[in-house]
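Thanks, everyone. I'll put the model on the screen and then go through a few parts of it.

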Amino acid sequence: MTEDARVDDELLTIGAFAARARLSAKALRLYDRLGLLTPARVDEGSGYRYYRAGQVERARLVALLRQLDMPLARIAEVVGAGGAEGAALLAAYWADVESRLAGQRTLAEYLRGRLSGRSSEMYGKFVVETVDVPARVVITQSRHTLADELPAWIGASLGRLETAARECGGVTAAPYVVYHAEVSMESDGPAEACVPVADETAARAWAREHGRSWETGVRVEPAQRLAYTRITKAQVAHPQILAAFEAVEQWIAAAGLEQAGPCREVYFADWDAAGPEDEVCDIAFPVR
């Protein structure tokens with residue numbers, strides 16, 4: 001056995017190990033209880049914990065990951081994987097954190113504007129335009145859902161519909177979600193995921209086959225004019241997305257127009273590839 005191996009196998013009391021790892025004995029007991037760092041040996045008679053010197057690096061890594069507010073299950077995955085795989089898991093976690101922080105910054109700005117009575121100034125940051133869209137055939141899936149369940153449902157539903165569109169002549173325009181009633185933490189819609197397709201006959205055949213199990217349907221949406229504003233991925237999160245909806249509603253009223261149908265979110269970008277500040281979605285209202 002080499003000298004380094006003998007050092008790594010050296011058994012240390014919890015106090016000596018805590019000093020070497022620059023942690024408290026209390027923290028080490030917590031890590032043991034959580035299954036993140038198990039002692040090398042526990043004396044059956046006294047209950048004393050002993051650690052190997054080679055566990056110091058893992059102990060320090062656990063402590064540093066906890067400073068990132070990483071959930072315990074994720075810490076276990078990172079330290080268990082180690083090396084390049086552990087680094088990749090950490091990078092994925094931090095990307096999620098940055099996305100959440102970007103959304104929280106947007107929410108804080110929205111709330112400051114609302115609390116200070118600067119709503120009109122806040123809404124002025126959204127550029128609202130109109131666009132005429134032609135009539136189109138859409139395959140749809142509807143669901144009653146609350147706000148916390150909505151993002152996962154949107155991703156899964158649009159993914160299923162875009163796959164199904166291959167049987168219906170292909171996708172002809174950006175997918176979107178229509179809100180037939182409010183979706184919040186208290187109100188469950190319903191919401192309707194929509195994917196425009198090319199072949200109405202094939203779409204209706206597909207709906208007859210899958211409609212009951214998927215709660216799907218086919219309809220022809222008439223040509224219409226939309227008032228819309230474009231938002232970033234960070235702004236899509238609820239409740240900060242509400243500022244965009246309110247800005248478009250205010251613009252419609254100021255322009256002397258009327259809402260002519262339920263509001264919608266139009267997803268025109270690759271969601272997975274987009275960063276927090278990339279534009280991914282249009283908040284739109286049919287108008288007349």
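Arg264 stands opposite Ala284 in β11. This is a predicted model, by the way. That pairing belongs to strand β10, residues 264–267, which runs antiparallel to β11 over four bridges. β11 also pairs with strand β9, residues 224–232, again antiparallel, and there eight bridges join the two. In that second pairing, Thr232 stands opposite Glu279 of β11.

How much of β11 is buried? Eight of its nine residues, 279–287, are, so to speak, under cover.

Next, the nonpolar interior. The largest core has 44 residues, and among those touching the most other members are Ile139, Val197, Ile231 and Ile283. Which helix gives this core its largest share? That is α11, residues 241–254, with seven residues. Taking Val197 as an example, and leaving out residues up to four places away in sequence, the residues it touches include Val137, Ile139, Ala165 and Cys168. A separate core of 24 residues lies apart from this one, and Ile14, Leu36, Tyr51 and Met70 are among its members.

Now the rings. There are four aromatic pairs by the rule used here. One of them is Tyr179 with Phe245, edge-to-face, at 6.5 Å centre to centre and 85° between the planes. Tyr179 sits in strand β6, residues 176–179, and Phe245 in helix α11, so this pair ties together parts that are 66 residues apart in sequence. Both Tyr179 and Phe245 are buried. Ring pairs also bring in Phe285, giving a cluster of Tyr179, Phe245 and Phe285.

Another edge-to-face pair is Tyr267 with Trp271, at 6.2 Å between centres and 75° between planes. Are these two buried or partly exposed? Tyr267 has 12% relative accessibility, so Tyr267 counts as buried. Trp271 is at 35% and therefore counts as partly exposed.

Two arginines lie over ring faces. Arg230 is over Phe268, at 4.1 Å from the ring centre. Arg41 is over Tyr50, at 4.8 Å from the ring centre.

Last, the small sheet. It is open, with three strands in the order β1-β3-β2 and antiparallel pairing. The edge strands are β1, 11–13, and β2, 41–42, each pairing on one side only. Two bridges hold β2 to β3, residues 49–52, and Val42 stands opposite Arg49 of β3. Helix α2, residues 14–21, lies across β1 and β3 and runs at about 95° to β1.

That's the tour. Questions are welcome.

Technical notes. Residues are numbered from 1 along each chain as its sequence is written. This is a predicted model: local features need pLDDT of at least 70, side-chain atom pairs count only at pLDDT 80 or more; totals for chains, interfaces and linings use all residues. Side-chain values use heavy atoms; hydrogens and water are left out. Two strands pair if DSSP finds at least two bridges between them. Contact means heavy atoms within 4.5 Å. Axes are lines fitted to C-alpha atoms, for helices over the stretch in contact, and angles run from 0 to 180 degrees between N-to-C directions. Buried means under 20% relative accessible area, exposed over 50%, partly exposed in between (1.4 Å probe, protein chains only). A nonpolar core is a set of buried Ala, Val, Leu, Ile, Met, Phe, Trp, Tyr and Cys residues joined through side-chain atoms within 4.5 Å. Rings of Phe, Tyr and Trp (its six-membered ring) pair if their centres lie within 6.5 Å; planes under 30 degrees apart count as stacked, over 60 as edge-to-face and the rest as tilted. A charge sits over a ring if NZ of Lys or CZ of Arg is within 6 Å of the ring centre and within 35 degrees of the ring normal.
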